Amino acid sequence: TNAAAEQELTDGFHLIIDALKLNGLNTIYGVPGIPITDFGRMAQAEGIRVLSFRHEQAAGYAASIAGYLTKKPGVCLTVSAPGFLNGLTALAHATTNCFPMILISGSSEREIVDLQQGDYEEMDQLAIAKPLCKAAFRVLHAADIGIGLARAIRAAVSGRPGGVYLDLPAKLFGQVMNADAGKKSLVKVIDAAPAQIPAPDSIKRALDVLKSAKKPLIILGKGAAYAQADDAVKALVETSGIPFLPMSMAKGLLPDTHPQCAGAARSTVLKDSDVVMLIGARLNWLLSHGKGKSWGDAPKKFIQIDIEPKEMDSNVEIVAPVVGDIGSCVAALLDGMGKGWQKAPVDWANAVTKKREENVAKMAPRLMNNNSPMDYHGALGVLRTIIAERPDAMLVNEGANTLDLARGIVDMYQPRKRIDVGTWGIMGIGMGYCIAAAVETGKPVLAIEGDSAFGFSGMEVETICRYNLPVCIVVFNNDGIYRGTDVNPTGGSDVAPTVFVKGSRYDKMMEAFGGVGTNATSPDELKRAVNAAMDSGKPTLINAVIDPAAGSESGRIGNLNPQSVLSKK
Ligand code: ADP
Ligand code: MG
């Protein structure tokens, strides 16, 4: 009867769950605790996949990369104050990397927090989150949950994607309201990330600049990979005949083995190109800000395709800004090029190919050594072959030398398969990324981890075992940070700050939770162990013993270390 329907109640718990499900947000990465423990249980009971981690930062990194892989905001759920702060690192990371993510944290009672009366885990979380994310919202009334989540979703995925904080005070969860009114208050977000069509003038300007180029270059960034406009990007590259350079996470958008790929001729193309078209890549530190030695003396003109208008001229002048979403922009460029487009000059294309082939040939023998203990090249040579044979596997990569060398050595063949330290070049994304990669794609995951990098999220191997995920972690164990050979100059009993316990066996950590652990001391052993793991799909950790003297300070970015004049005396 109507009277009965009027009396049927819902509450904050269920409205949040219903709002998430209504918007296709079916996975939550988080850590339970007050005040969100029951919420997690109920979400699971209502069919949401609730994955519990051992630390919020790893859960947050998982949510951030889930956002990158799916174009839907990844959801991370934490408790108040410390849990929130742990998740906040990942939210800031998502924002910096332009990944859509929503951090939902429970919080203490407003009345007590605002009067600073010392509540359990008291903290003004909304205020703290604001400068570190794209948008932050708080919901105080159950009737506003639908609108609150809708705003969070739109803020996360529209325009330049980023992290959104959603503050849910403990009291909200238990608030009741009429079930029917509750249902009506929910919002299914329509067209959350609307196409952003570029201005026709900007397309014409970009094509005019391209036409004038003698030595054009396309740089593909992770924005281009994120956009999932794979066919259009491929068509643009191939129709234009322009050599392309993939940024780290754009590797595989077109195969690294594509005849136009200039990955192995990076320094040459940066120096010698005259027109550079950036597609979803920023001219930040990773591209030396578009100036200086690595860009050579020849004058450059930059064309930039980006969804964020404020990105233009951030480091150098952009002569042809094209603002819009990459799918629409690239389609418009292709349209403007028409049938008779003159391909990039052959002598330039040939020069790039020649350089690339020389560099590849130089590297090849180093990748085939079977040294024990292993060096980076021997170990990565094996992993390179494994990815070539299993191109649909997800690759997670973090470390210093382990990152820089793997990025250069391991070719990628399919879009969005390589996920790594991103814009900040941070350590700690490893296990969270492995978990989300396995959960979101259903593909086997290979993680190439420096021993130091692994340590930041290592406890999540328990999570990987608990959910029985097809993740194979290879820890490049060289006994320390950068190298394992530093000594304490005072002769004191403390080891040097960059050195770990020698001969550690990270594989035993995996065994502790029922996964497979293997110790590999040669490339042959490593190859057998990784192939077995990828075939079995069992959680596996391989302790790959690397020569402690291999590796260089800070990998390829040692130049960023400040130098003391005094220590050089
Ligand atoms: P990389 O580190 O690979 O060079 P960045 O993270 O620096 O990539 O740059 C990615 C850029 O892509 C950002 O400036 C972001 O605004 C842009 N971007 C992200 N998604 C889209 C999209 N769908 N359309 C256009 N630009 C996008
Ligand atoms: Mg190391």
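In this predicted model, helices α11 and α15 cross in a right-handed sense. On the α11 side, the contact comes down to I203, A206 and L207, while α15 brings in C329, A332, L333, G336 and M337. Sorted by class, that makes seven nonpolar residues and one polar residue, with no charged ones taking part.

How do two packed helices get described? The usual way is by the angle between their axes and the distance between those axes. Here, α11 covers residues 200–211 and α15 covers residues 326–337, and their axes come within 10 Å, crossing at roughly 60 degrees. Angles under 35 degrees count as roughly parallel and those from 65 to 115 as roughly perpendicular, so α11 and α15 end up oblique to each other.

Now for the sheet. Strands of a sheet pair through backbone hydrogen bonds, and the pairing can be parallel or antiparallel. This one is an open sheet of five strands, paired in parallel and running in the order β10-β9-β11-β12-β13. The edges belong to β10 (244–246) and β13 (320–323); each has a single partner strand, so one side of each has no neighbour in the sheet. On average, and ignoring direction, neighbouring strands here are turned by 15 degrees against each other.

Helix α11 turns up again at this point, since it packs on the sheet and touches β9 (216–220), β11, β12 and β13. The direction of α11 makes about 140 degrees with that of β13. Within the sheet, β11 (residues 275–279) and β12 (residues 301–306) pair in the parallel sense over five bridges. V276 sits opposite F302 in β12.

Methods. Residues numbered from 1 in each chain as written. Chains lettered and ligands numbered in written order. Predicted model: local features only at pLDDT ≥ 70, side-chain atom pairs only at ≥ 80, totals over all residues. Heavy atoms only, no water. Axes fitted to C-alpha atoms, helices over the stretch in contact; angles between N-to-C directions. Helix = DSSP H or I, 4+ residues; strand = E, 2+ residues; numbered from the N terminus. Parallel < 35°, antiparallel > 145°, perpendicular 65-115°, else oblique. Left-handed = near helix turned anticlockwise from the far one by under 90°. Contact = heavy atoms within 4.5 Å. Nonpolar A, V, L, I, M, F, W, Y, C, P; charged D, E, K, R; others polar. Pairing = 2+ DSSP bridges.
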